[in-house]
Amino acid sequence: TGMMLSLVDAATTGTGVTLNIASTGAKDGVHALFNVDGAGAGKIIHFDIDGANTGSQFHVDIDAATTGPIFDIDLDSTGSSVIFDIDMATSTWTGDVFNFNTSTAYAGDVFDIVLTNCAAGVQALVITGSATTRTAKLIEIVEAGTPSGATIDVSHGGASTCDVIHIDQTT
């Protein structure tokens, strides 16, 4: 029940490297593996950040060319829980929750949702507005360039018994 590994780093003005795993040379396997094999109701991995910090709380720096995913989550079990849960119930937050920003010639999709084998009731995106009197747009699209393609493109194939776009304003 006690702490199995404790790493303490004194306050410094530079980078305080507490744990360094140097894996050199090309490998076909895993460079660093943290294997937690256990059942229970607690957290498997828990980062508790209590001190004030103006830098990144969790930072991934990729300096080499990569063709694989940066984060790859393979779910090989059944479950009913949320995969990513961001709960701001007890904090007053003024920053963006997700922010994608690039100053290079990025050529991929920011979000690519493919629902090929999902159940019939699965929705790709659900947005529920706040219960307050909103003074900002719920969805905003700002196109600052000189586009030659559609801003919104709906390709609706197959026999359909539904609306492509349905707007229901109750008041």
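Ile-45 counts as exposed, because its relative accessibility comes to 58%, above the 50% cut-off for that class. In this predicted model, Ile-45 belongs to a nonpolar patch on the surface. Its companions there are Val-36, Ile-44, Phe-47, Ile-49, Phe-58, Val-60, Ile-62, Ile-70 and Phe-71. Together, the residues of the patch present about 1,100 Å² of accessible area.

Another member of the patch, Ile-70, has a relative accessibility of 45% and therefore counts as partly exposed, a class that lies between the limits of 20% and 50%. Once neighbours within four places in sequence are set aside, Ile-70 is found in contact with Val-60 and Ile-62, both of which also belong to the nonpolar patch. For the pair Ile-70 and Val-60, which sit 10 residues apart along the chain, the C-alpha atoms are separated by 8.9 Å.

It is helpful to set these local details beside the protein as a whole. The secondary structure amounts to zero helices and zero strands. Of the 171 residues, 0% count as buried. Among contacts with a separation of 6 or more, 0% are accounted for by residues 24 or more positions apart. The protein exposes about 17,600 Å², and 52% of this area is supplied by carbon and sulfur atoms.

Turning to charged side chains, the count comes to one salt bridge. Here the side chains of Lys-137 and Glu-140 meet, with a distance of 4.0 Å from N to O. Lys-137 and Glu-140 are both exposed, as is Ile-45 in the nonpolar patch.

Technical notes
Residues numbered from 1 in each chain as written. Predicted model: local features only at pLDDT ≥ 70, side-chain atom pairs only at ≥ 80, totals over all residues. Heavy atoms only, no water. Patch = residues over 30% accessible without salt bridge, like charges linked within 9 Å, V, L, I, M, F, W, Y side chains within 5 Å. Areas by Shrake-Rupley, 256 points an atom, 1.4 Å probe, with all protein chains shown as cover. Buried < 20%, exposed > 50% of the residue type's maximum accessible area, 1.4 Å probe, protein only. Contact = heavy atoms within 4.5 Å. Helix = DSSP H or I, 4+ residues; strand = E, 2+ residues; numbered from the N terminus.
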